[in-house]
Amino acid sequence: MSDTTIRSRQPSVRRLPLAAPLRLARPSDMWFKPALSVVVATAVPDLVLLAVDRLDLVMYTMAGSLCALYGHNLPYARRARTVAGVVVAMIIGLAASLVAASLTGSTAVLIAVGALLAAGQKTLCDATRIGPPGPVIFTFVTSAALFAPQRLGQVPGHLALTLGAGVIAWLVTAGPALLRREGPERRATARALDAAAAYLADPGHRTRHAAAAAVHAAWQTLLAAGRPTPVRRALEHLVVHAESALAGGTPDASPAVPVPDPDRLRAWARQTRARGPVPTPPPAPGTSEELFGIEAERAARRGGSRRDARRALLRRLAPGSPLLPIGARALIGCALAGYVSQAAGVGRPYWAIVTAASLYQANVTLSWNRALQRTLGNLLGVLVFAAVLPVSRTGPLALIGFCLFFGFAAEALITRNYWLGSVAVTPMALLVLEFGGTHPTAGELIGDRVLDTVIGAGAGLLAAMLVTNRRAAGRLEKALAATDLARARAVHALAAPQPAPAALDAARRELTGSLVELREADDTAAGEWWQRALPQEQVLAAEQAGHRTLAATATRRGPIARAPENGAV
């Protein structure tokens, strides 16, 4: 980085929003998939246990059933590997908890184990970018298991139940490939088309970034989907049109670049999501070269994709990684929440640990947002639990029915806002305890959960504020340098007398990915406390030049974007 870099002055402590984190958003376009998957994956083992009169074992099958929440945004080939990895990780974490619970009855020791597991799960989920629901499911299962009565000889049988339920979850998540194997690719392409249409209808920094991220995600999905099929070929044509929309909508784009119609893009998106044939648009500029480049990149990835993924994972976990301070926050916050809850008289403070673990997002501001959402959702959820508890105790079928209903409702609501989903998650989590047959009094159970929620949110947020993450600025500077390098490569490819389509397309996708990473790194650093001043002018200049270069590479004509004179790119 240049010594002459202009840096913005920013306050070390930023204002925290109150109303914005609680506003409702539009639901996800695929909310029903994890919702239905978790219902089916939970109902099968629950009904089997009901038939053999062993509902006291539901906690162990639930650990495997919840794996059905993962991987729904991935193409089926990658989803199968990912969910299998989630099941294995769930079993490893649960094994550690059950062994610890069987070896010691010390609450202090169990809290320490729970905090270590929560920190490890947070760090690994962020490093692997496993996506929603992230580490909170692992932490919920392992923390609850720490405080369940356990003997060492029971551990293998309980893990076998988890494995069996995990196999069912894997079948539920991977099974739809037999009916509609290109479903994830179709949804990713439709999102890219909708985002491009939104950018054309309302050009601006926010919509442009959203469109670039959606197009990048669509290409990544198509590249990871496996061998090309006629449907995937048609989807690639549609993504080319979405990419051309970004080029045509750029203010300084060449007049020769046709600007697609937003309404047509949205119509293609609707057809792509539907079960009918994929629309076949007219060729966009450079379509044949674009698809040749995609095929060349797909062939290059066959030999090195998994190796490259392992290297990227190791880099994210290496000393100096910005993920490590977030893991430290989880460790300290979860331990503090557990010990304060214990001191307050809660016998099994796992809920405080889970509450604290659920708060940790990419920066302090987002963690504050999650603290508000989690606290409100949990408190309202406890009221819902109090209302349904008498009915749930009328019989095992009623209990199973409520658990399935709240599991579905949680996934249906959580994409609107996390607090709304928590209203359903909380009674479901509390009702799982009813399967054990202990039936504590409603007042005691509700009082403990309210106290744990307040303690967990307070302790977790305190750790987020006190444990600094100055590496977020370093991540931003690295992303800025990577964007500079990617743009230089794209300019070099454009400057060739006869640019090689494969090289040009690979350079463009590298630049798109670097711009997406730059925006994410900037948003993360901007919401972090105790941070040195950030090079915001430089980031803005790099994004502007990068998107102009993307427009030139997407159309293969027009002027190459030049770096600003201030040396920002």
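# Rings, charges and loops

Tyr70 is buried, with a relative accessible area of 0% (buried means under 20%, exposed over 50%, partly exposed in between, with a 1.4 Å probe and protein chains only). This is a predicted model, in which local features need pLDDT of at least 70, side-chain atom pairs count only at pLDDT 80 or more, and totals for chains, interfaces and linings use all residues. Residues are numbered from 1 along each chain as its sequence is written, and side-chain values use heavy atoms, with hydrogens and water left out.

**Exercise 1. Describe the secondary structure of the chain and state what share of its residues is buried.**

Step 1. Count the elements. The chain has 20 helices and 0 strands (DSSP runs numbered from the N terminus: helices are H or I with at least four residues, strands E with at least two).

Step 2. Turn to burial. The chain has 569 residues, and 53% of them count as buried.

**Exercise 2. Classify the aromatic pair of Tyr70 and Phe138, then place both residues in the chain.**

Step 1. Start with the total. There are 6 aromatic pairs in the structure (ring centres of Phe, Tyr or Trp, the last by its six-membered ring, lie within 6.5 Å; planes under 30 degrees apart are stacked, over 60 edge-to-face, the rest tilted).

Step 2. Take the geometry. Tyr70 and Phe138 stand 5.5 Å apart, centre to centre, with 45° between the planes. The pair is therefore tilted.

Step 3. Locate the partners. Tyr70 sits in the loop between α2 and α3 (76–103). Phe138 belongs to helix α5. They are 68 residues apart, so the pair links distant parts of the chain.

Step 4. Check exposure. Tyr70 has 0% relative accessibility. Phe138 has 6%, so Phe138 is buried too.

**Exercise 3. Work out which kind of pair Phe402 and Phe406 form, and where they lie.**

Step 1. Read distance and angle. The centres are 6.2 Å apart and the planes make 20°. This pair is stacked.

Step 2. Find the helix. Both residues are in α15 (residues 396–414). They are 4 residues apart, about one turn of the helix.

Step 3. Add burial. Phe406 counts as buried, because its relative accessibility is 6%.

**Exercise 4. Name the residues of the ring cluster, then find the arginines that lie over the faces of Tyr418 and Trp351.**

Step 1. Follow the ring pairs. They join Trp31, Phe32 and Phe408 into a cluster.

Step 2. Look above Tyr418. Arg370 lies over its face, 3.8 Å from the ring centre (the test: NZ of Lys or CZ of Arg within 6 Å of the ring centre and within 35 degrees of the ring normal).

Step 3. Repeat for Trp351. Here Arg374 lies over the face, at 5.6 Å from the ring centre.

**Exercise 5. Examine the positive phi values of Asp53 and Arg129. In which loops do these residues lie, and are they buried or exposed?**

Step 1. Begin with Asp53. Its phi is positive, about 60°, although Asp53 is not a glycine. Asp53 lies in the loop between α1 (32–51) and α2.

Step 2. Test Asp53 for exposure. Its relative accessible area is 67%, so Asp53 is exposed.

Step 3. Go on to Arg129. Its phi is near 55°, again a positive value in a residue other than glycine. The loop between α4 (107–128) and α5 holds Arg129.

Step 4. Test Arg129 as well. A relative accessible area of 51% makes Arg129 exposed.
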